[in-house]
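Visitor: Hi! I'm new to this one and would love a quick tour. Could you pull it up for me?
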Amino acid sequence: MTTDQLSRTFSALADPTRRAILARLSAGEATVNELAEPFTMSLPAISRHLKVLEQAGLITRGRTRQWRPCRLEAKPLEDVADWVATYRQFWDGGFDRLEEHLRSLTGDA
């Protein structure tokens, strides 16, 4: 994954409305109207959020007659998870050091 793609994905994920839309789509396809239901914003505003998600590759929009279902695309999220996983060793090492320090404070060696 290129850094530009990673930046687009993180930028799209930075907005809570877009994260909520992705959460809804994780349960299955939905129309724009279905995605807009829980929000107090206009359909054009929801459409702008969907455009950002689509440009980041996080969703695709199909076309079946008048129905244009949106669906979640997992690949960019997998790429983010892979990128974050590169820091797992750092986190795990930090937790191991913390555990060691706590044991030294309590006398549990």
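Visitor: Thanks! In what order do the elements of the chain run from the N terminus on?
Guide: The order is α-α-α-α-β-β-α-α, and please keep in mind that this is a predicted model.

Visitor: And how many helices and strands are there in the chain?
Guide: The chain holds six helices and two strands.

Visitor: Since it's predicted, what is the mean pLDDT of the chain?
Guide: The mean is 88, and 93% of the residues reach 70 or more.

Visitor: Where is confidence highest, and where is it lowest?
Guide: Helix α2, residues 16-25, has the highest confidence, with a mean of 97. Helix α6, residues 88-106, has the lowest, with a mean of 76.

Visitor: New topic: what radius of gyration does the chain have?
Guide: The chain has 20 Å, whereas a compact globule of 109 residues would be near 13 Å. Along the principal axes, the C-alpha atoms fill a box of roughly 70 × 30 × 20 Å.

Visitor: What share of the residues counts as buried?
Guide: That would be 29% of the 109 residues.

Visitor: And what about the surface, how much does the chain expose?
Guide: About 7600 Å², with carbon and sulfur atoms supplying 54% of that area.

Visitor: How many positive and negative side chains are there?
Guide: There are 15 positive and 15 negative ones in the chain. The centres of those two sets lie 11 Å apart.

Visitor: Last one: among contacts between residues at least 6 apart in sequence, what share joins residues at least 24 apart?
Guide: For this chain, the share is 50%.

Technical notes
Residues are numbered from 1 along each chain as its sequence is written. This is a predicted model: local features need pLDDT of at least 70, side-chain atom pairs count only at pLDDT 80 or more; totals for chains, interfaces and linings use all residues. Side-chain values use heavy atoms; hydrogens and water are left out. Helices (H or I, at least four residues) and strands (E, at least two) are DSSP runs, numbered from the N terminus. The radius of gyration is taken over C-alpha atoms; the globule rule is 2.2 Å times the number of residues to the power 0.38. Buried means under 20% relative accessible area, exposed over 50%, partly exposed in between (1.4 Å probe, protein chains only). Contact means heavy atoms within 4.5 Å. Accessible areas come from the Shrake-Rupley method with a 1.4 Å probe; for residues, only the protein chains shown count as cover. Lys and Arg count as positive and Asp and Glu as negative; His and the chain ends are not counted. The place of a charge is taken as NZ of Lys, CZ of Arg, CG of Asp or CD of Glu. pLDDT is the predictor's confidence in each residue, from 0 to 100.
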